[in-house]
Every structure is written in C-alpha cells, then in structure tokens.
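Me: I have a model open and want to go through it piece by piece. Can we start with the sheet?

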Amino acid sequence: MTAPDLQGEPFAPAGSPWVRVSPRLAILRRSLLAGIGGVVTLVAASLVAIASWWLVVAVLVVGAVLIAWGWVVVGRAVRSWGYAERADDLLVTRGILFRQLVVVPYGRMQFVDVTAGPLDRRFGLATVQLHTAAAATDAQIPGLVPAEAARLRDRLAARGEASSAGL
Amino acid sequence: MTEAPAQPATGFRRLHPLTPLLRGWKVFAAVVAIAAQQLYGDLEARWLLLGVAASIPVALVYGYLSWRFTHYRIDGEDLRLETGVLFRRSRRVRLDRLQAVDVVRPLIARALGLAELRLEVAGGTSSEAPLAYLSEPAAQALRAELLARAAGLSHDTPEAPEAVLVTVPMDRLITSQLLTVGVIISLVALLVVLALAAALRQPALLGFAVPMALSLGPGVVGPIVRHFDFTVAESPDGLRLRHGLLETRAQTVPPGRVQAVRIVEPLLWRSRGWCRVEVNIAGYGGDGQSQTSVLLPVAPREQAFAVLRRVLPDVDISTVEMHGVPRSARWVDPFAWRFQSAGADDRVFVARRGRLRRETDIVPHVRLQSARLTQGLLQRRLGLATIHLDTTPGPVHPTAAHRGADEARRLLDAEVERARLARSSAPPERWMSLPDAPMPPNVAG
C-alpha cells in the first residue's frame, strides 16, 4: 500500500473526507450544559446570598464564564467526531485534547447497535456502535440522524457479512 | 465406569452418577461455613446442628435432581447440553467454533476418579459448556471426540498422539517465583523485623512478622501450586498444557486459536535467561485468566521460542526489523524510551518495551480485531502517537507507545492492510480440512 501524504495530519482519513456528525449533537449537549450549569450556579449563588451580595455576583460571573467556556469546548468536541467508510474498513475519529482514530475492518464486526435515549430522540439523534470480538474496540459514533444511523447499520452489517472472518 | 460407548436410544448421555455427591458436598460445606460464623452469635448450638443436619438431604435431593435433568449429546456439528431443574435450558455449542477444551480435576474429584470437561468458545463470561463431572476415561474420550469433530475429522478418529515439548522442573518454578522484586523486598523487610525483635528483645514485634510472612503466600505459593509439574506437549489437536498440584488442569488449545502472545522477562530472571509466555485465547476471556492464559510459567528463552514456533508457525521474531521511537519520546517516557520499539513482517506485528521488566507483544496480522491510534496533549506537542492493536480479551494488550505521529499512522495503515491480506488467505477453522475442500456456506461470521 502506498503511504498517503499525511504530513502533519496523522489523524486524517486517507482519500475520502470525514463525514461529520450532526450539529444538533452540539445543541443537545449545550442545552444540557446550560441547564445543569445554570441550576448549579443559581443554587450556589442562593447559598452564598446570606453572606454578602458581591459573593453572589462573583459566583454568577464564575458560573457564566465556565458555561461559556464549556459552550466553546462542546462545539469543538462535537466537530471533532467523524467517520469514513472505506472499501474494507470503517474509520472513526474523535477528541480534541486526547485524540483517537479507530480502524475497524468490516470482516471483524460481530454486531452493530443503534441506540437513542429519550433526549437523543427529542433532538432526532441516534448512536451507532460497532462491536468486535475485542472488548477494547471503541468504535461508537454519536449524533447521527436516525435515517443515517439506520443506513449505516444496514450497510455495515451487509459489508460485515460479505467479508466475514469470525475470529 | 465408562459410559461413552453405551449410549441410550436418544443418544443423550448423562454425567457421572457420583456428580450429586460432589456438588452436594459444596453446598454442605457452604452451610457449615455459615453455621460456624453464626456460632459466634447467640444462636444455640442445638439448632445449628439441626440446621446443618437438615441441609444434607436438601443438598442431596437438589444434587440428584440437577443430575437427573442434565444430559448432553453430540449432534453432528454441535454439542447439545440440556440442564436445569426448574428453568430448563437447552444449549447448542458449535464445535467448529471451539477455542479450547480443558479437563479440570479438583482434588476431591481426583480422589474419586472424576473430571470436569470445559468447552471454551468465544464470547460469554465463563465456560460455556461445563460438563461436571465425568469419569476420567469418559472425559478423555469425549475430549478426543470433540477435538476430532472440531477438526473436521470422523468422530471415531483415535486420540491424537502427543510429543512432550517442554516440562518445567520444580526447582526452576520455585526459584522463579522467589526471584521477583516484590518477594525480595518482603523477605528483606521480614528479616529486618525479625532482627529488630531479637535485638530489642521485643517479642511483640513478631506480631508484625506473621502477617508479613502470610502476605507472601498468595503471590508465591499460588503460582507454584497452579503451575506445578507444568508440561507442554504437541499433538495434531494443538498444544496440550498439563499442570496443577491440588487441582490439575489439562488444556488443549487447537491450532490457530492463539490470538496474541506476550513474552515477559522480569528483571531478576534476565541473568538466567528466563521468560514467561502469556497468551490471549478467545474462550478464556473472563474466567480465571491467571490460570488459563499462561502458556509457559517460566522457561529459558530457547524453549519459549521453540513453543512459540508451534503456536505461530512460520514466525521468527528475531528477523523482524524493529524501529525505536524518536528522541522526543524522552519527555513522556524518560526512563525506558530507548527500549521502546516496534516492527512488523508479513505475518506478525511485534512491540517491545521496558528497561527493567522487558515485554514483547506479538500479534499475528490475521488475528487483528481493530486498530487504534491515540494521542494525548503532550504527545501532540511532541509529535508522537500510540498504536493499540485490539485482540480478544486476555492478558496481552499489544501497544506501541510514543511513535512519531506520521510514522505511527503509516504503521497503522500498513497493519490494517496486512491484516486484510492475511484474513483473505486464512486457513479454515476446521484445521484438518483442506482450504480448498468444500465448506458449509456459513462457516465464518
């Protein structure tokens, strides 16, 4: 196999570009962040309210800054997810600080899961997870539109069957 | 006592009739243990005895019923196993998926001439089809029949002959278990405590010595008891491992079932040229890894490599071209970065690491399940990345840490490509059938 030119980008897929996950995943995670972060901040602020008013302001400011920072991080984290279907294997990448690239040959797939929790369903999202005989295989793709998740599942299953090799 | 030849009309066979006694004994022991604990409470001894006495018939009846309801049968390609008194369970195990067959003989079963046969297939957390207990000749005969069928041979093929490859002498096993840094530190500490007690004439200090001496037990005595009289033999069925002092275990690992190998050379063994060989085998994933995943507890390197050649034929790791890691890796692994290396030939991927305790991981390309590339923040700054090759669960987690990032990606891509080529030319699961023989349509999957 000829080595593709990967200068400086060892996590890029060779050839095809990454298919990114739905930006709605960022909306979902940001709403969670804003909701939980907001409640925690308000509770903390009301707890320190008996001490002094400027402490309340300080808590509110710190909470707002943390939420804003998380807002940006969530956006980048969601944009970092990506997958690519190649001829013989599936590539999944993720992470900003701790980056990971997983290559799963179709022939090694034991089963494929599509899961969607109540919040995921409300936002019209689903997660596809591939399982091989190795427990360490960490190939899940969150934030897929249900139609795309179902298409990916069927396609992976079909390809797995075609090039199956068990263990 | 052999029940193998005389089959009932249905073809179903039963376990050995002494099984309920052996199983009931366990229940009885549990009851006695609980009763003994309660004795420290305020319960009257009279009631306790009554309870213990009452549990005996209950245990016997339960044991008898579960024996009555357990049948097994070899049904073409499958082993069928019917169990359960209240909740009936019927299980089929595909023999071409057999990963290993163990014959286990706990101490009491040995005294009665009985043995447990365990079939291991991939998936599941414990042995998928334990047949406890059979008479020893029946267990041997059944093992031979299962392996013959799994190999794709006729079921009345006589048991394959075997040739002993390696035996581990007792003195080497004991020496190897004492020659670990942990044990030596403990022994020195023990001697210091004893010397202090003598010098200060403080017998109370001896109170410390007893738990210290006891703490040595599991780490040293355990492996010696487990690996006592370790024998590795080769037969067309695969490798046969036999070991154990109290509970003896005879493992059979058919050809091509070893998923990954690790050679460990602890610091204090190196001057003697000894190493330990551990393997990943799909069926052994969950239960008792330390018992079942050791291919050789301690052996000179040449012997270990001789066994390795049987496990991974046509593999010679000494000719694999190894590459070190870039100098920048010293910031993340200052002590042992010079000892990190990895390389691949057309059959295996090899990764080495460790300055004091050397480890060598070997993965045949054909056994790769998935491959990963990871990069932490610091690694990213230094332009490094780590390769993980995933195989079935076991003690071996092959990794090549802190490679140059671009080189790591090239290695990863090359490995995935090699694995693809290796899979497409892999030998069949029924190892005795020829690759071009007609195969059932769904052998793989």
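Me: What is the strand order in the open sheet of three strands in chain A?
Reply: This is a predicted model. In it, the order is β5-β6-β7, and the pairing is antiparallel.

Me: Which strands are at the edges?
Reply: β5(A), residues 109-115, and β7(A), residues 139-144; each pairs on one side only.

Me: And how much are neighbouring strands turned against each other?
Reply: By 15° on average, with direction ignored.

Me: How many bridges join β6(A) and β7(A)?
Reply: Four, in the antiparallel sense, with β6(A) covering residues 126-132. As for a specific pair, Leu130(A) has Ala139(A) in β7(A) as its bridge partner.

Me: Zooming out, what does chain A contain in helices and strands?
Reply: Four helices and seven strands. Along the sequence they follow the pattern β-α-α-β-β-β-β-α-β-β-α.

Me: Is chain A spread out or compact, set against the globule rule?
Reply: Spread out. Its radius of gyration is 21 Å, whereas the rule gives 15 Å for 167 residues, so chain A is more spread out than a compact globule. The C-alpha trace spans about 70 × 40 × 25 Å along its principal axes.

Me: What share of chain A is buried?
Reply: 26% of the 167 residues count as buried.

Me: Different topic: how many residues of chain B are in contact with chain A?
Reply: 35 residues of chain B, against 32 residues of chain A.

Me: Which element of chain B gives the most to that side?
Reply: α11(B), with 13 residues. The elements that each supply at least two residues are β19 (370-375), β20 (384-390) and α11 (405-424) of chain B.

Me: How do the residues on that side of chain B divide by type?
Reply: Into 15 nonpolar, ten polar and ten charged.

Me: What does β19(B) pair with in chain A?
Reply: Strand β4(A), residues 99-105, in the antiparallel sense over five bridges. Within these strands, Leu101(A) stands opposite Leu373(B).

Me: Last topic, the largest nonpolar core. Which residues touch the most other members?
Reply: Leu90(A), Ala115(B), Leu134(B), Leu146(B), Val261(B) and Val277(B), out of 119 residues in that core. Helix α4(B), residues 136-151, contributes the largest share, nine residues.

Me: What is Leu146(B) in contact with, leaving aside neighbours within four places in sequence?
Reply: Leu79(B), Leu95(B), Leu98(B), Val101(B) and Leu119(B). As a general point, nonpolar side chains tend to be buried together in soluble globular proteins.

Methods. Residues numbered from 1 in each chain as written. Chains lettered and ligands numbered in written order. Predicted model: local features only at pLDDT ≥ 70, side-chain atom pairs only at ≥ 80, totals over all residues. Rg over C-alpha atoms; globule rule 2.2 N^0.38 Å. Buried ≥ 20, exposed ≤ 12 C-beta atoms within 10 Å, placed from the backbone. Contact = placed C-beta atoms within 7 Å. Nonpolar A, V, L, I, M, F, W, Y, C, P; charged D, E, K, R; others polar. Pairing = 2+ DSSP bridges. Core = buried A, V, L, I, M, F, W, Y, C linked by C-beta atoms within 7 Å. Axes fitted to C-alpha atoms, helices over the stretch in contact; angles between N-to-C directions.
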